[in-house]
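This briefing goes through a few local features of one chain, grouped by topic. Please keep the sequence and the structure in view while reading.

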Amino acid sequence: MKALILVGGFGTRLRPLTLSVPKPLVDFANKPMILHQIEALKAIGVTEVVLAINYQPEVMLNFLKDFEAKLEITITCSQETEPLGTAGP
C-alpha cells in the first residue's frame, strides 16, 4: 500500500524554527513531525510513502534516507518545481 504526505509548505507560521529546516523536520515530542506520520503509516501496513515536496527537498531526503532503512519502508519524492498552489501535488 502507498501513502502520500503533503510536505510542500514553507512553514511560515513556525518561523524562526523553519528558517533552517523544513517544517516536517521540526521536532515534536522529541522527534521530527514527519517521523510520527511515517511510523503511523508503517504500523497500518503502508510500504511506500511519497512526499509531495517543494521547500528544501534535498534536506528532507538526506534526513529520511537513514530512516528509510531503519523503518523498512520506501520513501520517494515528488518535487514541485514551480509553485502550483494547494492543488499542486
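Lys-70 lies over the face of Phe-67, at 5.1 Å from the ring centre. The model is a predicted one, and the points below take up the aromatic rings, the nonpolar core and one loop residue.

**Aromatic rings in helix 2**
- By the rule applied to ring centres, the count comes to 1 aromatic pair.
- The pair is formed by Phe-63 and Phe-67, whose ring centres are 5.1 Å apart, and it counts as tilted because the planes meet at 40°, an angle that is neither under 30 degrees nor over 60.
- Both Phe-63 and Phe-67 belong to helix 2 (residues 57-71), where they are 4 residues apart, about one turn of the helix.
- Phe-63 is partly exposed, since its relative accessible area is 26%.

**Nonpolar core**
- The largest nonpolar core has 17 residues, and those with the most contacts inside it are Ile-5, Ile-34, Ile-38, Leu-51, Met-60 and Leu-64.
- Strand 1 (2-6), helix 1, strand 4 and helix 2 each supply at least two residues of this core, and the largest share, 4 residues, comes from helix 1.
- Leaving aside residues up to four places away in sequence, Met-60 touches Val-7, Pro-22, Pro-24, Leu-25, Ile-34, Leu-51 and Ile-53.

**A loop residue**
- Gly-45 is found in the loop between helix 1 (33-43) and strand 4 (48-53), and it counts as partly exposed because its relative accessibility is 39%.
- The C-alpha atoms of Gly-45 and Lys-2 are separated by 9.1 Å, although the two residues are 43 residues apart along the chain.

Key
Residues are numbered from 1 along each chain as its sequence is written. This is a predicted model: local features need pLDDT of at least 70, side-chain atom pairs count only at pLDDT 80 or more; totals for chains, interfaces and linings use all residues. Side-chain values use heavy atoms; hydrogens and water are left out. Buried means under 20% relative accessible area, exposed over 50%, partly exposed in between (1.4 Å probe, protein chains only). Rings of Phe, Tyr and Trp (its six-membered ring) pair if their centres lie within 6.5 Å; planes under 30 degrees apart count as stacked, over 60 as edge-to-face and the rest as tilted. A charge sits over a ring if NZ of Lys or CZ of Arg is within 6 Å of the ring centre and within 35 degrees of the ring normal. A nonpolar core is a set of buried Ala, Val, Leu, Ile, Met, Phe, Trp, Tyr and Cys residues joined through side-chain atoms within 4.5 Å. Contact means heavy atoms within 4.5 Å.
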